[in-house]
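Here is a quick briefing to read with the model open beside you. Follow along residue by residue, and use the headings to jump around.

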Amino acid sequence: MVMPRTDSDRLSAPSLLLVAHPGHELLLSGWVGDVKPFVCVLTDGSGHSSVSRLQLTADFLESAGVPRGPVFGRFNDRELYEAMLSGHVALFESLVEELAAFVSQHRIETVVTDAMEGFNPVHDLCRMLAGAASVLERAPRRYEYPVHAGPHGYDGMADAILRDLDDAQLGQKIAASRAMAQAIPDIGEMLDRFGESAFRRESFRPIDDWAATGWVAGEPPLYEQIGEARIAAGRYDRVIRHTDHFLPLLAALRAMVSPCVS
């Protein structure tokens, strides 16, 4: 049984979860198993390789009886990076419209997405797309959950909803994570960095301003530093810049949904 530390009724079905990469759903596996939200995954998780990791998430969701949403591994990371670098606003507007139509069709009341942490541009893109879609269809509740910050990233925040799994649920989460870590090294890295017991915690924070970036103006996000390191390693040839690429896209989506903001 899940032992909530705060009232979690606001996170009940019907819900939609939008994550950037396969494996992110494991961070909320207790909630996913309980509520069974529609799950959308932006990329196939191939990263700089050509190996899709989407089937791991598909198998996990099927085993838990969790439905897929309309966007499920449609892109690889390189495609989304290139779309952001080239300012392909129409692509992202179409994704917002598709997600918004699904929210309306299924009467989604709660939208949950990767937090905007400045660590990975696709994580931040998730928050932006989910936020714009929920505004477009006036979904009443929007939440983000910590990815890079770890399961306890929202501890001490007055507005956070914190859910703790029981021993059986934690055991299931760790077993699924260890199985996926063979193909998705980031999962193993997180388990090692935070420790298995930390993943008993599942944390959510309401999104008051879906377009807020959350860091000091003029301060580059961590993904710019990571991008520069990957250019040096020969994996990519251009860096996604917060000022040059992310903010213009954010402004375009803000303008797209502004008529729906009361």
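Let's start at A115: setting aside its neighbours within four places in sequence, A115 is in contact with H123, D124, R127, E144, Y145, P146 and Y154. One caveat up front is that this is a predicted model. From A115 we'll move out to the strands and helices around it.

**A115 and its surroundings**

- A115 sits in the loop between β5 and α5.
- Its relative accessibility is 2%, so A115 counts as buried, the cut-off for that being under 20%.
- Some of the residues that A115 touches turn up again below: D124 is one of the α5 residues that meet α9, and E144 stands opposite R205 in β8.
- If you measure from A115 to G69, the C-alpha atoms are 19 Å apart, with the two positions 46 residues apart in sequence numbering.

**Strand β6 and its partners**

- Is strand β6 mostly covered or mostly open? Mostly covered: of the 5 residues in β6 (141–145), 4 are buried.
- On the β5 side, β6 runs parallel to strand β5 (residues 110–114), and 5 bridges join the two.
- One pair to look up there is V111 with its bridge partner R142 in β6.
- β5, α5 and β6 together form a right-handed β-α-β unit.
- β6 also pairs with strand β8 (residues 201–206), this time in the antiparallel sense and over 2 bridges.
- For that pairing, find Y143 opposite P206 in β8, and E144 opposite R205 in β8.
- β8 pairs with strand β7 (residues 161–164) too, antiparallel again, over 4 bridges.
- In the β7 pairing, R163 stands opposite E202 in β8.

**Strand β2 and its partners**

- How many of the 5 residues in strand β2 (residues 15–19) are buried? The count is 5 of 5.
- Both faces of β2 are covered, with S15, L17 and V19 buried on one side and L16 and L18 buried on the other.
- β2 pairs with β5 in the parallel sense over 4 bridges, and in that pairing L18 stands opposite T113.
- β2 pairs with β3 as well, also parallel and over 4 bridges; here V19 stands opposite V41.
- There is a right-handed β-α-β unit here too, made of β2, α1 and β3.

**Helix α5 against α9**

- Helix α5 (residues 121–136) and helix α9 (residues 242–257) have axes that come within 9 Å and cross at roughly 10°.
- Parallel or perpendicular? α5 and α9 are roughly parallel to each other, since angles under 35 degrees count that way.
- From α5, the contact uses P121, D124, L125, M128, L129, A132, V135 and L136, while α9 brings in F246, L249, L250, L253, M256 and V257.
- Sorted by class, this contact of α5 with α9 has 13 nonpolar residues, no polar ones and 1 charged.
- V135 is a handy residue to click on: V135 lies in helix α5, and at 9% relative accessibility V135 counts as buried.
- V135 and V257 are 122 residues apart in sequence, yet their C-alpha atoms are 6.7 Å apart in space.

**Helix α5 against α3**

- α5 also packs with helix α3 (residues 77–85), at an angle of about 70° and with the axes 11 Å apart.
- That makes α3 and α5 roughly perpendicular to each other, the range for that label being 65 to 115 degrees.
- D77, L80, Y81 and M84 of α3 meet P121, V122 and L125 of α5.
- By class, the contact of α3 with α5 has 6 nonpolar residues, no polar ones and 1 charged.
- P121 and L125 are therefore worth picking out, as they appear in the α3 contact and again in the α9 contact.

**Two loop residues with positive phi**

- K36 isn't a glycine, but its phi is positive, at about 55°.
- K36 lies in the loop between α1 (29–35) and β3 (38–43), and its 37% relative accessibility makes K36 partly exposed.
- R107 is another non-glycine with a positive phi, about 50°.
- R107 is placed in the loop between α4 (89–105) and β5; at 69% relative accessibility, R107 counts as exposed.

Technical notes: Residues numbered from 1 in each chain as written. Predicted model: local features only at pLDDT ≥ 70, side-chain atom pairs only at ≥ 80, totals over all residues. Heavy atoms only, no water. Axes fitted to C-alpha atoms, helices over the stretch in contact; angles between N-to-C directions. Parallel < 35°, antiparallel > 145°, perpendicular 65-115°, else oblique. Contact = heavy atoms within 4.5 Å. Nonpolar A, V, L, I, M, F, W, Y, C, P; charged D, E, K, R; others polar. Buried < 20%, exposed > 50% of the residue type's maximum accessible area, 1.4 Å probe, protein only. Pairing = 2+ DSSP bridges. Right-handed = clockwise from strand over helix to strand, strands pointing away.
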